[in-house]
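Me: I'd love a close look at one part of this predicted model. Could you walk me through it in one go, and then out into its surroundings?

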Amino acid sequence: MTVDSDWDDWLLREVEAADPDGLAIWYLGCNGFILKSSGDTTVFIDPYLGIGDPPRTVRMVPVPFNPEDVIEADAVLGTHEHVDHVHGPSQAPILAGTGADYYTTDSGHDVIREEGWTKNWSVTDDQLHEVTEGDTVEIGDLTVHVEPANDPDAEHPVSYVFEHESGTFFHGGDARPGEFAPVGEAYDIDLGVLAFGAIGNIDDKETGEPVRTQWYNDENMIVQAANELQLDTLLPSHWDMWKGMTTEPTVLHNHASSFAYPDSLTVAKIGDRVDL
């Protein structure tokens, strides 16, 4: 598979030209993000540039860049092994073109081996790093803590806490409530990403028949997770991505209004920048 961007390279060039005072965060649609720090550290989280598997899963947002066009990246992180989080055609060319390090769990490394990243792209073994809960990784001026995640659909999911002098950013992957309370107690999280989506009828892989399917937090679950994490600001992700799973994130203002957390809600669309 080759990636064909709908947007050419303007978003990547915008990231390269940025000179943030603290930590700048760009939303890539699905659950993908680019982080760039005041120390000129650039990190990609779960960048997915595929179109899904039509007609079962159909991408509903643009493909924002070609991975071969990335020329600045210090690291790429995957939260779990699903195709829209660990994906060779989306991520291996970034590693090959920049020499960036890649971090994901053991189940993510199973995908890397199955897809033959070191054989099919110019990726070396020393770029690939396995992480698990409790690990801490230093990437430029970012300190990244690997924390638990409750994703019943994944083999080994994790979440990531990014500490920077300007504040703390959290990425929960596709996780739901249940594992986040200790994370909320351990860190003062300024901005947290949680996956949000509708419950839809998705064709079963085996039978092809539509099946009621939930992959992400609904309105009540995402607010529960935000309270476990004690988030200052919640940024919902994934709500834009799959046909039959899309939803309207501004409804979360109503669901969150009577709870202690989050203090505020930030809704980003693909290509938007949020500053910490």
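Is strand β11 (residues 158-164) largely enclosed by the rest of the structure or left open, and why?

Reply: Happy to. Please keep in mind throughout that this is a predicted model. Strand β11 is largely enclosed by the rest of the structure, because six of its seven residues, 158-164, are buried.

Let's start with the strands beside it. On one side, β11 pairs with strand β10 (residues 142-148) through six bridges, and the two run antiparallel. One position to look at in this pairing is Glu 147, which faces Ser 159 of β11. Strand β12 (residues 167-171) is also antiparallel to β11, and five bridges join the two. β11 and β12 make a hairpin, with two residues between the strands. There, His 164 has Gly 167 of β12 as its bridge partner.

Now for a side chain in the strand itself. Leaving out residues up to four places away in sequence, Phe 162 touches Leu 35, Val 43, Ile 45, Leu 77, Leu 142, Thr 143, Val 144, Gly 167, Thr 168 and Phe 169. Phe 162 also belongs to the largest nonpolar core, which has 46 residues. Together with Leu 35, Val 43, Leu 77, Phe 169 and Leu 194, Phe 162 is in the group that touches the most other members of that core. The largest share of this core comes from α6, which supplies five residues. There is also a second, separate core of 39 residues, with Ala 18, Tyr 48, Val 63 and Leu 128 among them.

Next, follow the chain around the ends of these strands. Asp 153 sits in the loop between β10 and β11, while Arg 176 sits in the loop between β12 and α5 (181-186). The side chains of Arg 176 and Asp 153 form a salt bridge, with N and O 2.8 Å apart. The pair links distant parts of the chain, 23 residues apart. The two partners differ in their surroundings: Arg 176 counts as buried because its relative accessibility is 10%, whereas Asp 153, with a relative accessible area of 37%, is partly exposed.

Gly 178 lies in that loop between β12 and α5 as well. At 56% relative accessibility, Gly 178 counts as exposed. The C-alpha atoms of Gly 178 and Ala 149 are 8.0 Å apart, although 29 residues separate them in sequence. Setting aside residues up to four places away in sequence, Gly 178 touches Asn 150 and Glu 228.

That brings us to α6 (219-229) and the residue just ahead of it. Asp 218 lies in the loop between β15 (210-213) and α6. Asp 218 is buried but has no salt bridge. Its nearest side chain of opposite charge belongs to Arg 212, 7.4 Å away, and a salt bridge needs the nitrogen and the carboxyl oxygen to be within 4 Å, so this pair does not qualify. A polar atom of the Asp 218 side chain does lie 3.2 Å from the backbone nitrogen of Asn 220. Apart from neighbours within four places in sequence, Asp 218 is in contact with Phe 196 and Gly 197.

How do other charged residues compare with that one? The count of salt bridges comes to six. One of them joins Asp 40 to Lys 36, with the closest N and O atoms 3.7 Å apart. Lys 36 counts as buried, since its relative accessibility is 1%. Another joins Arg 273 and Asp 275, at 2.9 Å from N to O. Here both partners are partly exposed: Arg 273 at 38% relative accessibility and Asp 275 at 46%. Salt bridges with shared partners also connect Asp 9, Arg 13 and Glu 16 in one network.

One last stop is helix α3 (residues 106-115). Its buried residues are Ser 107, Gly 108, His 109, Val 111 and Ile 112. They pack against β7 (101-104), α4 (117-120) and β8 (128-130). After α3 comes Gly 116, which has a positive phi, near 65 degrees.

To return to where you began: β11 has six of its seven residues buried, with β10 and β12 as antiparallel partners.

Terms used:
Residues are numbered from 1 along each chain as its sequence is written. This is a predicted model: local features need pLDDT of at least 70, side-chain atom pairs count only at pLDDT 80 or more; totals for chains, interfaces and linings use all residues. Side-chain values use heavy atoms; hydrogens and water are left out. Helices (H or I, at least four residues) and strands (E, at least two) are DSSP runs, numbered from the N terminus. Buried means under 20% relative accessible area, exposed over 50%, partly exposed in between (1.4 Å probe, protein chains only). Lys and Arg count as positive and Asp and Glu as negative; His and the chain ends are not counted. A polar contact is a pair of N or O atoms within 3.5 Å; within protein, one must be able to donate a hydrogen and the other to accept it, and residues adjacent in sequence count only if both atoms are side-chain atoms. Contact means heavy atoms within 4.5 Å. A nonpolar core is a set of buried Ala, Val, Leu, Ile, Met, Phe, Trp, Tyr and Cys residues joined through side-chain atoms within 4.5 Å. Two strands pair if DSSP finds at least two bridges between them.
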